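I set out to record what can be looked up in this structure, entry by entry. The notes follow the order in which I consulted it.

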There are 2 protein chains.
Amino acid sequence: MKTITITDVANHAKVSKSTVSQYLNKRYEYMSEKTRKKIEETIEELNYQPNIIARSLKQKSTFTVGVVVANILHTFSTQVIRAIENYFYEQGFHIIVCNADDNPEKEKNYIEMLRAKQVDGIIIFPTGDNLDLYQRMKSDQFPIVFMDRTIEELNIATVMLDNHLASKLAVDRFIEKGFENIAIITTSIIRDISPRIERIQGYKDSLESHGIPFNSEYIKTVNANEIPIALSEFFELEKPPQAILAGNDIVLNEVLRYMKQHEINIPYDIAVIGIDDVPYASFYTPTITTVNQPAIEMANLAAELLLSQINKTGKEDTSVHRLKPTLLSRNSC
Amino acid sequence: MKTITITDVANHAKVSKSTVSQYLNKRYEYMSEKTRKKIEETIEELNYQPNIIARSLKQKSTFTVGVVVANILHTFSTQVIRAIENYFYEQGFHIIVCNADDNPEKEKNYIEMLRAKQVDGIIIFPTGDNLDLYQRMKSDQFPIVFMDRTIEELNIATVMLDNHLASKLAVDRFIEKGFENIAIITTSIIRDISPRIERIQGYKDSLESHGIPFNSEYIKTVNANEIPIALSEFFELEKPPQAILAGNDIVLNEVLRYMKQHEINIPYDIAVIGIDDVPYASFYTPTITTVNQPAIEMANLAAELLLSQINKTGKEDTSVHRLKPTLLSRNSC
DNA sequence: CGGGGATTCTAAACCGATTTAGTTATGGGC
DNA sequence: GCCCATAACTAAATCGGTTTAGAATCCCCG
């Protein structure tokens, strides 16, 4: 199959490429009504579709943005991706989704490929280990927005959760219910990934603000597959925790699985709150109290920040936007 | 910031563009060891990244494929996307994910945009309402693979579930447990979406093969938000069903939510099986028996089929591949 | 009827790579 | 020292659009 190019259209319509190009760009004032019709018909007849690659080469803009998520397995990631896709669809942009698998090497590879492909901007959940790369994009004035995680020293626009508040909401709730032995468990914090650290810090601060000294035995940061072990260790303590805060949805799944397996009753034997809402929270038995991230709002904000960098509208915003989580109060605590 | 092009590299290294291009394409036999080193150093020094857009224009290949899912809200879609992304990452391809939202108009828009962007191929969960578009891609010999749904008359390579078997596994299990009044509920079947139809057909056939006449009152196809109503209607029947087959994960969620709200006990008051595994199935109370789609296997197969069309390796495969589901036997039935 | 501005249209350069055909340099054999 | 094959390199065309500067045509008016 021979592909139809602008030259074919021009020849058929007996006008120059230039005029066809003007037509494609809707600059109708540069041609007579008659030629406009003629071109229109020819395009229809030949079933012509402009080659965006060729256009992009000249215009240096691809109407495509990259989204590099650290780990696509989190519900939060997929919610955000979906909302970003929606937002950009409205704007006539495509998004290229990349999953870095929490692997800085892979992240680097993706970022370089995206830039080579001349995407107009990138939204990235940074793994945190490619400072030079981030730095370069920044100094190249390449549009970039960080999501979920910040890297303080870089001054890059960031959208993330108020993680400190997220933990506080949960801990306050536990305390309100009369628990004092409160544990927290999150996935591993290699590379100082900010949300995990902040959630732990928020947890500590909230305890202290209630006059409860925190106990390091109640804090676990482990890989997903080691969660059952960590939980067992909790229950072997002299004073096992009365409440557990699960640091994200994957941890929550593992916690619930463990409790089910060991026939530990929630909330009577132990209270549970999860950070990140999960689809089944409202009909699980018991229903699960969660701290919800406003994923769609966050995604929209990130998309908006990126778009304004791309269009160079408004002055540069390099601030860290922290959105507020909400406690979805249910029965697991 | 000025972008560095191949010309800059050529000038700096005091060789021609052609030679630099040969270098970029690793055709080192066309140059001396010395110039190779020289170019290497220059590229390093200038921090040069080739512009893939320019390359694509000439080579007519973008190393990018499109994935158009009908509805990204299904767990199955996200599992498949993830696996496809993985597969193509290994091959040095990017994927552009598009969510058609079950809307043929949007699907059309996306397909046209993807083709305009010169993607090398498309994997699509067809909404089923753009026959002319599918037809054109086919006759253009544009690489395309259907996923999840088939459109018989088009002869396009397809990867989908053996939906008939999926229903049969569930119905057989229900019958084995002694139930005869078995209902099925799926989301709406506008546009003859094949999996839903096949699941219902499989349900009917299995009942009949056991000598149970099927009762049309036990079959509901409704939008997600009308599921509670449909369920209520079941329970108002003279003989309410003893077992319900949920046609996909979203339906299953709604069914479980309803049972929870109305304090209907699974499996004592009613047995439930879901098609599509869900993350919480193994620790819900009760654990949920599901019919699982081999999502990763299906994704890999689809990716492989697409890649072989792109590379024109092997002869054309236009067959419909139906993979077998498995029953994950748990306690909800 | 000629001048001049507006309208309509086009030729050619350009974007940044690849590729082909061809040129120049090198060195070995006699 | 000359010839010639091979190695090393390059100029120019090309991909399919956009854009700019300028050319051709039209029309109105004095």
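**Entry 1. The contact between the chains**

I began with the two protein chains, keeping in mind that this is a predicted model. I found 37 residues of chain A in contact with 36 residues of chain B. On the side of chain A that touches chain B, two or more residues come from each of H4, helix H5 (75–90), strand S2 (94–99), helix H6 (104–116) and helix H11 (249–261) of chain A. I sorted that side of chain A by class and noted 17 nonpolar, 12 polar and eight charged residues.

**Entry 2. How the copies are related**

I next asked what rotation superposes chain A on chain B. The rotation is 180 degrees, with 0.0 Å of shift along its axis and an RMSD of 0.1 Å. The two copies are therefore related as by a two-fold rotation axis. I looked for the C-alpha of chain A nearest the axis and found that of A:Ile96, 2.3 Å from it. I also noted that the same surface serves both copies, since 97% of the contact residues of chain A recur in chain B.

**Entry 3. The H4 pair**

I then looked at the packing of H4(A) and H4(B), whose axes are 9 Å apart at an angle of about 140 degrees. The crossing of H4(A) past H4(B) is left-handed. Which residues make this contact? From H4(A) I listed A:Ile53, A:Ala54, A:Ser56 and A:Leu57, and from H4(B) I listed B:Ile53, B:Ala54, B:Ser56 and B:Leu57. By class, the residues of the contact of H4(A) with H4(B) are six nonpolar, two polar and no charged.

**Entry 4. The DNA strands**

I turned to DNA strand C and counted 27 residues that surround it. The closest are A:Ser18, A:Met31, B:Thr5, B:Ile6 and B:Ser21. H2 and H4 of chain A, and H2 and H4 of chain B, each supply at least two residues of the surface near DNA strand C. By class, I recorded nine nonpolar, 13 polar and five charged residues there.

For DNA strand D, I again found 27 surrounding residues, the closest being A:Ile6, A:Ser21, B:Ser16, B:Ser18 and B:Met31. Which helices supply the surface near DNA strand D? At least two residues each come from helix H2 (17–24) and helix H4 (52–59) of chain A, and from helix H2 (17–24) and helix H4 (52–59) of chain B. The surface near DNA strand D divides into nine nonpolar, 13 polar and five charged residues.

**Entry 5. The sheet of chain B**

In chain B, I traced an open sheet of six strands with mixed pairing, in the order S7-S6-S8-S9-S10-S12. Strand S7 (219–222) and strand S12 (326–328) of chain B each have a single partner strand and stand at the edges, so one side of each is left without a neighbour in the sheet. I noted that neighbouring strands of this sheet are turned by 20 degrees against each other on average, direction ignored.

Strand S6 (residues 182–187) of chain B pairs with S7(B) in the parallel sense, over four bridges. B:Thr187 is opposite B:Val222 in S7(B). I found helix H9 (residues 194–209) of chain B packed on the sheet, where H9 touches S6, S7, strand S8 (243–246) and strand S9 (271–275) of chain B. The direction of H9 makes about 175 degrees with that of S6(B).

**Entry 6. The sheet of chain A**

In chain A, I recorded an open sheet of six strands in the order S7-S6-S8-S9-S10-S12, with mixed pairing. Strand S7 (219–222) and strand S12 (326–328) of chain A are the edge strands, each pairing on one side only. Strand S9 (residues 271–275) and strand S10 (residues 289–292) of chain A run parallel and are joined by three bridges. A:Ile273 stands opposite A:Thr289 in S10(A).

**Entry 7. Backbone exceptions**

I finished with the backbone, recalling that most residues other than glycine have a negative phi and that most peptide bonds are trans. Is the peptide bond from B:Ile266 to B:Pro267 cis or trans? This bond is cis, with omega near 5 degrees, and B:Pro267 lies in the loop between helix H11 (249–261) and S9 of chain B. The bond from B:Thr285 to B:Pro286 is also cis, with omega near -5 degrees. I located B:Pro286 in the loop between S9 and strand S10 (289–292) of chain B. A:Lys26, which is not a glycine, has a positive phi of about 60 degrees. A:Lys26 is in the loop between H2 and helix H3 (33–46) of chain A.

Key: Residues are numbered from 1 along each chain as its sequence is written. Chains are lettered from A and ligands numbered from 1 in the order in which they are written. This is a predicted model: local features need pLDDT of at least 70, side-chain atom pairs count only at pLDDT 80 or more; totals for chains, interfaces and linings use all residues. A residue is near a molecule or strand if its C-beta atom, placed from the backbone, lies within 6 Å of it. Ala, Val, Leu, Ile, Met, Phe, Trp, Tyr, Cys and Pro count as nonpolar, Asp, Glu, Lys and Arg as charged, and the others, Gly among them, as polar. Two residues are in contact if their C-beta atoms, placed from the backbone, lie within 7 Å. Two strands pair if DSSP finds at least two bridges between them. Axes are lines fitted to C-alpha atoms, for helices over the stretch in contact, and angles run from 0 to 180 degrees between N-to-C directions. Copies are superposed by least squares on the C-alpha atoms of residues with pLDDT of at least 70 in both. A crossing is left-handed if the near helix is turned anticlockwise from the far one by less than a right angle, and right-handed if clockwise.
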